[in-house]
Amino acid sequence: MASLRPVVLALLLLSTAPLARAALARQQAAQPPALAIIVHRSNPAEGLKFSELRHIFMLDIQTWPNGRKITVVLREKGQPERAEALGIICGLSERDYDRHILFRTLQGNVNFGPRAIQSAPAMLRFVYNAPGSIGYVNADEADSSVKVLRIDGLLPDDPKYPIRRQSSGRPDPNW
Amino acid sequence: MNPLKGASSRRPLCRTIAVALFFVAFAAGRADAQTGEHEHEEVVVPGTRPEVMAHAFGSVEWLASKPAETPNSFGLGQFSLFVTSTLNDRFSVLAELVVEASAGDTRVTTDLERLQVTYRFDDHLNISAGRYHTGIGYYNAAFHHGSYFEIPIGRPRIFRFEDEGGVLPVHEVGVSTRGTVPKTGSALRYVAEVGNGRRWINPDEEGEALDQNQAKSTNFGLSLQPESWRGLSIGGSFYRDAIPIAPEHATGEHIAAAFAVYRTPSTEIMGEWLQLKFHEEDGTSTASRGGYLQASRGFGKLRPYYRYDRLEIPTNTPFIGSFGSSEFHILGLRIDPADWVGIKTQYERRHENQGRFNVVHVQLVFVF
């Protein structure tokens, strides 16, 4: 009987492994889809604080630490991916974001607003070609042509990653 | 406003050409309606070719007062053409040209309000040369000629433009630097300016861009925008200049400003206080003080607002003593019926040199 004990244990483990995998998959499926913040592969930045990301999208910060000008890339007006990203990152509606950018432009602090891109593949292509750019795609759409930044030290596959499409999506009521 | 309109009005041909060129640039430079966004299916690497963005701000007004010194009247406000262009990753140009109706007919005056070329080292250092709005306090360098972004109708009394009885050097020609202070996470910002100063003597003579003495005006300001309280900005500035009153004689001008501003899309609370001091060579000085406090809160498309506006000018103050003191209470409602269009209606209780009187003012503002 003693010689059978390892076999029984192995069978038990094998039988419970699919259950464990399913539980993990269920946990991941319960997480709202993450938005990956992407930059050019040559960008030395590996990550940003969430507050820095917001300042970049609000055009308060316009240069990378290496001195290169930042180009913010958004999805086109009217696309849900744009409104959601602006709500999550900036806490603003599309209209309020547009007003903010024009106000900053009038003050002479912004020379050119964010770029607008029609689709996720086009976003990847733009960021791949423009070294100073920063954009976003759904985490499962990011590929090796771009670098995915850590936000507050976390990558999109981390359950605590802060930029998730349905986690907020709407403007911060306190802002 | 150009305080020296007379000089430019003697060159109508040049002005016409300048306006025509501006309109051409405006028409050619239209990007997205408001934010300058370009659609990029074809990838164009930013900074590799000049890009132009253009906007226009306009307004139409109606005003009535009681006791009625003048009949109630419709009028055109400023029409501001605003163009920015990135020449490359570092250099950019900004120009703001204001066209104003000078009478009930179609005669207009034009003023080149801002023309700046800027070199951007990074977020910590931006150097601009040209004609700019001085960074005195908050309001002047925040709202410029974009009446659309102002909640009440008109600027606070102390920030009025020079050719509307303004008391401050609102515009200057010179060099301006601004940026964020390193290691403060964009929270602390500065502005430092060196310019010709305002021309108080013979302002309409030729050569508006030239200084009348060796002394240059200087202005330095700091503002704090704490990350933990988004929308809040607290700061101050100090301006000084020497105004020539006769050969080898000058009057010192010192302007101290302090402000606290809280602006979010839904709420605006702003307060500023300034002291304007003129120092004579015999050691005497006169001080004028003014400021405003205003608040508004948006409820959907409706936004009620209130402004208290005060300016005290002793009558013996050089240059501005005759302008007179004033005190305004303004209560109004702004409605934004559509994107980039606003209608403001306000009641003003004014106390000026000619006594107390009431004003009803309506303004339609738009951007395109």
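Here is a quick briefing on the interface, sheets and salt bridges in this structure.

The model is predicted. Chains A and B share an interface of about 4400 Å² of buried area, and the structure holds 18 salt bridges over all chains. Chain A brings an open five-stranded sheet, while chain B has three helices and 17 strands.

**Where A meets B**

- In terms of contacts, 48 residues of chain A touch 54 residues of chain B.
- Carbon and sulfur atoms give 54% of the area buried between the two chains.
- Two salt bridges run between chain A and chain B. One of them pairs the side chains of Arg54(A) and Glu227(B), with N to O at 2.2 Å.
- Eleven residue pairs are in polar contact between the two chains, counting pairs with both residues at pLDDT 80 or more.
- On the chain A side, the elements giving two or more residues are helix H2 (50–57), strand S3 (71–75), helix H4 (94–106), strand S4 (115–117) and helix H5 (120–129).
- H4(A) gives the most to that side, with ten residues.
- By residue type, the side of chain A that touches chain B splits into 17 nonpolar, 16 polar and 15 charged.

**Helix H2 of chain A**

- H2(A) is mostly covered, with six of its eight residues buried.
- Those buried residues are Phe50(A), Leu53(A), Arg54(A), His55(A), Ile56(A) and Phe57(A). Arg54(A), then, is on the buried list and also takes part in the salt bridge to Glu227(B).
- After H2(A) comes Leu59(A), which has a positive phi, near 65°.

**The sheet in chain A**

- The five strands of the open sheet come in the order S4-S3-S5-S1-S6 (chain A), and the pairing is mixed.
- S4 and S6 (147–148) of chain A are the edge strands; each has a single partner strand, so one side of each has no neighbour in the sheet.
- S3(A) and S4(A) run parallel to each other and pair over three bridges. Here Leu74(A) sits opposite Ala116(A) in S4(A).
- Both strands of that pair, S3(A) and S4(A), are also among the elements that give two or more residues to the side touching chain B.

**Salt bridges within chain A**

- Arg104(A) and Asp60(A) meet through their side chains at 3.5 Å, N to O. Arg104(A) is in helix H4 and Asp60(A) is in the loop between H2 and S3 of chain A, so this pair ties together parts 44 residues apart in sequence.
- Both partners there count as buried: Arg104(A) at 8% relative accessibility and Asp60(A) at 15%.
- Asp98(A) and Lys77(A) form another salt bridge, again 3.5 Å from N to O. This one links helix H4 of chain A, home of Asp98(A), to the loop between S3 and helix H3 (80–89), home of Lys77(A), 21 residues apart.
- Asp98(A) is buried, with a relative accessible area of 7%, whereas Lys77(A) counts as partly exposed at 34%.
- Arg82(A) pairs with Glu94(A), and their closest N and O atoms are 3.0 Å apart. Since Arg82(A) lies in helix H3 and Glu94(A) in helix H4 of chain A, the pair ties together parts twelve residues apart in sequence.
- Arg82(A) has a relative accessible area of 0% and is buried; Glu94(A), at 22%, is partly exposed.
- Lys77(A), Arg82(A), Glu94(A) and Asp98(A) are linked in a network of salt bridges.

**Chain B and its strand S4**

- Of the 368 residues in chain B, 48% are buried.
- Among chain B contacts with a separation of 6 or more, 53% come from residues 24 or more positions apart.
- Strand S4 (residues 91–101) of chain B has eight of its eleven residues buried, so it is largely enclosed by the rest of the structure.
- S3 (residues 78–86) of chain B runs antiparallel to S4(B), with nine bridges joining them. A hairpin of four residues makes the connection from S3(B) to S4(B), and Leu81(B) has Leu97(B) as its bridge partner in S4(B).
- S4(B) is also joined to S5 (residues 108–122) of chain B, antiparallel again, through eleven bridges. In that pairing, Phe91(B) stands opposite Tyr119(B) in S5(B).

Methods:
Residues numbered from 1 in each chain as written. Chains lettered and ligands numbered in written order. Predicted model: local features only at pLDDT ≥ 70, side-chain atom pairs only at ≥ 80, totals over all residues. Heavy atoms only, no water. Contact = heavy atoms within 4.5 Å. Buried area = accessible area lost by both parts, 1.4 Å probe. Salt bridge = Lys/Arg side-chain N within 4 Å of Asp/Glu carboxyl O. Polar contact = N/O pair within 3.5 Å; in protein donor to acceptor, adjacent residues only side chain to side chain. Nonpolar A, V, L, I, M, F, W, Y, C, P; charged D, E, K, R; others polar. Buried < 20%, exposed > 50% of the residue type's maximum accessible area, 1.4 Å probe, protein only. Pairing = 2+ DSSP bridges.
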